[in-house]
Amino acid sequence: MSDPGSGLAVEVRGLTRVFDAVPALDGVDLEIPRGAVFGLLGPNGAGKTTTVRILNGVLDPTRVDVLRVLGQDLPQGADLVRPQVGVQTDTNLYDRLSARANLSLFARFYGLAKKAADQRADELLDMFGLLPRAAERVEKFSKGMKQKLLIARSLVGAPSLVYLDEPTAGLDPEASHELMSYIRTVSRAQHTTFFITSHRLDEMEDVCTKVAVLAGGVIRAQGSPAAVARAAVPRVRVHVTPAPGVRIAPGELLALPGATHAESLDGYIAVDLRSVRAVPEFVRAAAALPHDLLGVADVPPTLQEAYLALVGSQPGAPDPAPDTAAQTGTEVAS
Ligand SMILES: Nc1ncnc2c1ncn2[C@@H]1O[C@H](COP(=O)(O)OP(=O)(O)OP(=O)(O)O)[C@@H](O)[C@H]1O
Ligand SMILES: [Mg+2]
């Protein structure tokens, strides 16, 4: 059954894909609200590109219970979905055509007349800082410039849903930052849904409204970046920063209520606490010490820490302990 009114851009249940008798995806469930910036994170070989290819209709699942994109069941509704979707793939620019011609040609596939297509091309080239090079053949472009052009091309048809598979690979930090700002703006202003795979956890933490961590073809956790981090990294930490010239021994803080560990770092002391409930009393006690402080700051776990806890620090690392997977393998509330 299709449900065009659904609030979900992507709904997947029980997605399994087997290659040569080995499952690349093993019972994946995903729920991506319309307008979300969704990040699919995971080590090399986790199954991210396989997921994108199946959602994008270029690869068939081996088994699936629900595979619904923009309210349409796939593969039946694929023709209705395709015009509303943009995809950045890693090939397929016309090297001998100019940057403008590449985008304009694509815009014409979406039904724009020549003039409107050229305008759309220039708009996107401008956004990615490529307008001064618009008339040059793409074969002369650097890797990062080609990458920008591929991303621009995925946006030509003003899609409702955009798949970006490692979009910032090859981009310099400024270009990555601009792309993330653009994604944030477009998702808010036009309610466009972005489905991004990436290894850049810092970027994903900033831009994504929802993430899922995939490893070994299994979803280990999904939810907001903060919720995933809290569920996967069960520690509570504060940083106590003394005023300039003031010295505090870690032992003084470790003696305060709720503290379980204290360590002097570069200009501050990191203190682990028993639980969130222990924080207010600890803060009061720290402020009552006979030392001037610049501040006591709550330091929530990062997405990077959660990722390492969920998949291990090495690419292709073995599965985490079963109790960790059980604790975090389901949706976690924001
Ligand atoms: N066409 C194929 N034939 C056989 N095996 C494949 C095929 N495509 C993918 N696989 C296997 O499926 C698994 C997942 O691959 P996939 O490309 O989805 O990983 P990924 O998460 O995108 O990794 P990366 O971060 O390296 O891009 C890998 O073990 C890969 O070898
Ligand atoms: Mg990939």
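Which residues of H5 are buried? Keep that question in mind while you look over the whole chain, remembering that the model is predicted.

**The whole chain**

Select the protein chain and show its C-alpha trace, which spans about 75 × 50 × 35 Å along its principal axes. When you switch to a cartoon view, the secondary structure to look for comes to 12 helices and 14 strands. The chain has 334 residues, of which 40% count as buried. If you count the contacts with a separation of 6 or more, 69% of them are between residues 24 or more positions apart.

**Two domains**

Next, colour residues 8-96 together with 137-229, which make up domain 1, and give another colour to residues 236-298, which make up domain 2. The centres of these two domains, taken over C-alpha atoms, are separated by 41 Å.

**Helix H5**

Now select residues 143-154, which form helix H5, and place a distance line between its end C-alpha atoms, which are 17 Å apart. This agrees with the 16 Å that the helix should span, because its 12 residues are counted at 1.5 Å a residue, and the expected span takes one less than the number of residues.

Here the opening question can be settled: the buried residues of H5 are Met 145, Gln 147, Lys 148, Leu 149, Leu 150, Ile 151, Ala 152 and Arg 153. To find what covers them, add strand S6 (85-88) and strand S7 (161-165), and then helix H3 (99-109), helix H4 (114-127) and helix H6 (173-190), which are all included in that cover.

**An open sheet**

Move on to the open sheet of 4 strands, whose order is S2-S1-S4-S5 and whose pairing is antiparallel. At its edges you will find strand S2 (22-33) and strand S5 (72-73), each of which pairs on one side only. Inside the sheet, select strand S1 (residues 8-19) and strand S4 (residues 66-69), which run antiparallel and are joined by 4 bridges. For a single pair of residues to look at, pick Val 10, which stands opposite Val 69 in S4.

**Around ligand 1**

Finally, select ligand 1 and show the residues around it, which are Phe 19, Asp 20, Ala 24, Gly 42, Asn 44, Gly 45, Ala 46, Gly 47, Lys 48, Thr 49 and Thr 50. If you colour this shell by residue type, it divides into 3 nonpolar, 6 polar and 2 charged residues. Which helix gives the largest share of the shell? That share, 3 residues, comes from helix H1, which you can select as residues 48-55.

Technical notes: Residues numbered from 1 in each chain as written. Chains lettered and ligands numbered in written order. Predicted model: local features only at pLDDT ≥ 70, side-chain atom pairs only at ≥ 80, totals over all residues. Near = placed C-beta within 6 Å. Helix = DSSP H or I, 4+ residues; strand = E, 2+ residues; numbered from the N terminus. Nonpolar A, V, L, I, M, F, W, Y, C, P; charged D, E, K, R; others polar. Buried ≥ 20, exposed ≤ 12 C-beta atoms within 10 Å, placed from the backbone. Contact = placed C-beta atoms within 7 Å. Pairing = 2+ DSSP bridges. Domains from an automatic or database assignment.
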